[in-house]
Amino acid sequence: MATAGISESAASSSSYLDIPLHIKYIQNLDKRQDLAYHLTSHLRLNGIYWGLTASHIMGQPSALDKEGVIEYVLSCWDGESGTFGPHPGHDGHILATLSGIQIMLMQDAIDRINVESITQFLLERINDDGSVSGDSWGEIDTRFTYICLSSLNLLGKLNQIPLEKKEKIIEHISKCRNLDGGFGRVPGAESHSGQIWVCTAALSILDRQDLIEVPLLASWLSERQLPNGGLNGRPEKLEDVCYSWWCLASISILGKLNWINKDKLINFILGAQDLEDGGIADRPGDWVDVFHTIFGVAGLSLLGYPGLQDIDPVYCMPASLIDKLDIRKPYATLERMTSYP
Ligand code: GRG
């Protein structure tokens, strides 16, 4: 089995990442025109971003048809809102906006999108109290705060946020911080690892990591690891492969990656692979999907798993691309292993 850095003996058991199989799984995703495929059109642009990023991290950036992907992103443009929707004919939304930008950057096609219009859409989402809405209907969520900041920074437009609005954004994120050091969706909401990642990464983009209580938050995050090696998103909940990203990327930004038992988490993620048809599930034995595939692969990359490309924990994009854009923020990494186990 030609899996980089993996010995023949390891490759013959289930204790290795089957990169060729997962690439095939991602390439075949849009060929499954079943009910589930059609019912998830509101996530289509996110799905392409997840599959494309996973392919990059697994060392195969050209796994998907480049022009086909670009044309699809362009077909998601919603002229009325001036940004991308998740699927042709859908309304523009901030969730699809970030994915559209990320895909076009990875496809080296950023010059084919209307950066000024998207920048305008993003700036208009910032409310007077510093919260950020997902679209013109007004729902707020710290996910949208992160997306607004990450998108603007990826486009080189972060400095277009007026200074007083930037201060308000910082104030709003601080209001979402809880006594346990974590962050929630809105002020007063429970800490959750997904919301912790968006707030930690947002503060990092704003160069305000000083507002994070590092030992308190890092210990809360490390307590998410359960005896089976998997991580959960908050106390008393089940482990799930996707938290191998939300928790671990946050811990990486906090510089405390060694507060997690690396081997146990690697084994948990590898155990959630479908070794017949490819893809990674939320936990061993469940159905696979592209969401858990990217976050399993991304978690393995942060853990230094061999044969993978580096991923940037602030942007969830290939580290080489973020370095090229010159927008890298501080984070800790683990040395990439040459073989495993
Ligand atoms: C660029 C990667 C990237 C993301 C863009 C949308 C977004 C910004 C971030 C999402 C952060 C988030 C809230 C992730 C958590 C997703 C998740 C698995 C939620 C499940 O919540 P529950 O309550 O699950 O169903 P638990 O595990 O708590 O039972």
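## How two helices cross

In which sense, left-handed or right-handed, does α10 pass α11? In this predicted model, the crossing of α10 with α11 is left-handed. Look at S193, I196 and T200 on α10, and at L217, W220 and L221 on α11, since these residues make the contact. Sorted by class, four residues of this contact are nonpolar and two are polar, while none is charged.

Here is a handy idea for reading such a pair: two packed helices are described by the angle between their axes and the distance between the axes. For helix α10 (residues 193-205) and helix α11 (residues 214-222), the axes come within 12 Å and cross at roughly 145 degrees.

## Around the ligand

Now turn to the ligand, which has 19 residues around it. H192, Q195, R234, K237 and Y243 are the closest of them. You can follow some polar side-chain atoms to oxygen atoms of the ligand: the distance is 2.5 Å for R234, 2.7 Å for Y243 and 3.1 Å for K237. On its own the ligand has 750 Å² of accessible area, and the protein covers 74% of that.

## Who builds the shell

Which elements give two or more residues to the shell around the ligand? They are α6 (94-106), α8 (142-154), α10 and α12 (243-253). Helix α10, which you met in the crossing with α11, supplies the largest share of the shell, four residues. As for the classes in the shell, twelve residues are nonpolar, four are polar and three are charged.

How values were computed
Residues are numbered from 1 along each chain as its sequence is written. This is a predicted model: local features need pLDDT of at least 70, side-chain atom pairs count only at pLDDT 80 or more; totals for chains, interfaces and linings use all residues. Side-chain values use heavy atoms; hydrogens and water are left out. Axes are lines fitted to C-alpha atoms, for helices over the stretch in contact, and angles run from 0 to 180 degrees between N-to-C directions. A crossing is left-handed if the near helix is turned anticlockwise from the far one by less than a right angle, and right-handed if clockwise. Contact means heavy atoms within 4.5 Å. Ala, Val, Leu, Ile, Met, Phe, Trp, Tyr, Cys and Pro count as nonpolar, Asp, Glu, Lys and Arg as charged, and the others, Gly among them, as polar. A residue is near a molecule or strand if one of its heavy atoms lies within 4 Å of it. A polar contact is a pair of N or O atoms within 3.5 Å; within protein, one must be able to donate a hydrogen and the other to accept it, and residues adjacent in sequence count only if both atoms are side-chain atoms. Accessible areas come from the Shrake-Rupley method with a 1.4 Å probe; for residues, only the protein chains shown count as cover.
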